[in-house]
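Trainee: Hi, could we go through this one together? I'd like to get my bearings before lunch.

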Amino acid sequence: MYGSYTGRSRTRRRVAGLRTTGTAAALGAALLLAGCSGHGDGGDKKSAPTVEQQPKDKDPYWVNPDGNAARQVAAYTEDGDDEKAALIRKIAQQPVGEWVTPDNPESQVRGITEAAAAADRDALLVLYNVPHRDCGQFSKGGAADGNAYRAWLDGVAQGIGDRSATVILEPDALLHLVDGCTPQEFHEERYDLLKGAVERLKQQPATKVYLDAGNAGWQSPDALYQPLQRAGIAEADGFSLNVSNFQTTAVSTEFGKKLSEKIGNKPFVIDTSRNGNGPYTGGDPAESWCNPPGRALGEAPTTQTGDELVDAYLWIKRPGESDGDCKGGPKAGDWWPEYALGLAGTTK
């Protein structure tokens with residue numbers, strides 16, 4: 001168990017293992033969008049409330065009109081609770097990552113990318129299925145072995161096809177090699193899988209790939225740049241930071257620039273979904289990553305960051321989904337409306 005590790009590496013925490021709810025919603029949204037304008041007008045407003053896409057020049061990523069937050073808005077509206085509906089709408093109206101589940105990756109991803117294309121937007125995908133994932137913690141699992149992972153990844157790539165997609169590749173996978181959480185006997189295979197994943201995904205003509213590099217509170221640029229090179233960063237479009245974590249955007253940017261300098265000035269993206277109030281400093285430091293109270297939504301997703309090295313602020317972790325069954329939360333990845341309300345209502 002990771003509880004035997006110090007807080008140095010648990011300043012962040014993984015989100016859900018299986019994302020079946022969000023994926024099913026995305027596939028339903030593909031059907032919804034195929035028959036309408038792509039702006040959410042039409043359909044059953046109780047099950048799929050209208051959610052507008054963000055202006056494309058500000059944020060080109062697809063807003064899922066049938067995601068958990070959108071459904072929660074519909075439920076609160078139906079109950080006449082306009083105050084809570086307004087809070088959750090802050091989440092529902094923004095694009096968030098679609099976490100691809102282990103089953104039927106080609107059909108899942110095709111549904112998501114077709115829905116995004118119908119709305120004239122890009123899909124934002126998160127791949128989180130590497131073997132021996134999460135060192136047996138809340139989000140343990142992953143593909144059975146390397147061959148199973150390669151087959152799954154090939155399905156993802158075929159599902160993307162020639163449509164526009166940005167892929168966040170395997171949060172934590174590289175960092176768990178660096179911090180020693182993943183057993184040594186799996187290191188060689190994982191480096192090979194990560195490098196192969198970058199190469200396979202880049203065969204798709206309109207796909208960007210960002211290899212995950214942890215967060216500013218976990219390891220250092222000096223410890224990361226050689227592992228990133230070994231994992232194929234040269235062929236990737238850049239790296240991702242702060243996935244599911246709470247490090248501030250300013251701190252993440254400074255960290256990212258130091259790391260970028262060591263790997264050929266590669267650009268990066270920052271997960272700003274829950275970093276509005278920065279990291280949690282109360283309670284047990286070993287559990288500061290898990291459903292910390294008093295956190296807030298961060299900067300809205302956008303590609304207009306004002307920094308040439310920061311390609312985008314993204315909501316990769318879906319705000320309102322639990323980190324795990326701690327602090328009263330449900331299992332990792334389950335929608336937790338009370339926590340979502342806290343994120344949306346907390347003053348930054």
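Mentor: Sure, let's take the chain as a whole, then a helix, then the cavities. Keep in mind that this is a predicted model.

Trainee: How many helices and strands are there in the chain?

Mentor: The chain has 10 helices and 7 strands. Of its 348 residues, 57% are buried.

Trainee: And what is the accessible surface of the chain?

Mentor: About 13200 Å², with 48% of that belonging to carbon and sulfur atoms. As for contacts between residues at least 6 apart in sequence, 75% join residues at least 24 apart.

Trainee: Switching to α7, which residues are buried there?

Mentor: Among them are His-187, Arg-190, Leu-194, Ala-197 and Leu-201. The helix runs over residues 187-201 and reaches 21 Å from its first C-alpha to its last, close to the 21 Å expected.

Trainee: What covers those buried residues of α7?

Mentor: The cover includes strands β2, β3 and β4, along with helices α5, α6 and α8.

Trainee: New topic: how many cavities of 30 Å³ or more does the structure hold?

Mentor: There are 3, and the largest has a volume of about 180 Å³.

Trainee: Which residues lie nearest the centre of that largest cavity?

Mentor: Gly-67, Asn-68, Ala-69, Val-96 and Arg-318, out of 18 lining residues. The elements giving two or more residues to this lining are α2 and α3, and α2 gives the most, with 3.

Trainee: What is the lining like by class?

Mentor: The largest cavity is lined by 10 nonpolar, 5 polar and 3 charged residues.

Technical notes:
Residues numbered from 1 in each chain as written. Predicted model: local features only at pLDDT ≥ 70, side-chain atom pairs only at ≥ 80, totals over all residues. Heavy atoms only, no water. Helix = DSSP H or I, 4+ residues; strand = E, 2+ residues; numbered from the N terminus. Expected span 1.5 Å × (residues − 1). Buried < 20%, exposed > 50% of the residue type's maximum accessible area, 1.4 Å probe, protein only. Contact = heavy atoms within 4.5 Å. 1 Å grid on protein atoms, 1.4 Å probe; cavity = no way out; pocket = protein on both sides within 12 Å on 5 of 7 lines; lining within 4 Å. Points joined across faces, edges and corners; volume = space filled by probe spheres on them. Nonpolar A, V, L, I, M, F, W, Y, C, P; charged D, E, K, R; others polar. Areas by Shrake-Rupley, 256 points an atom, 1.4 Å probe, with all protein chains shown as cover.
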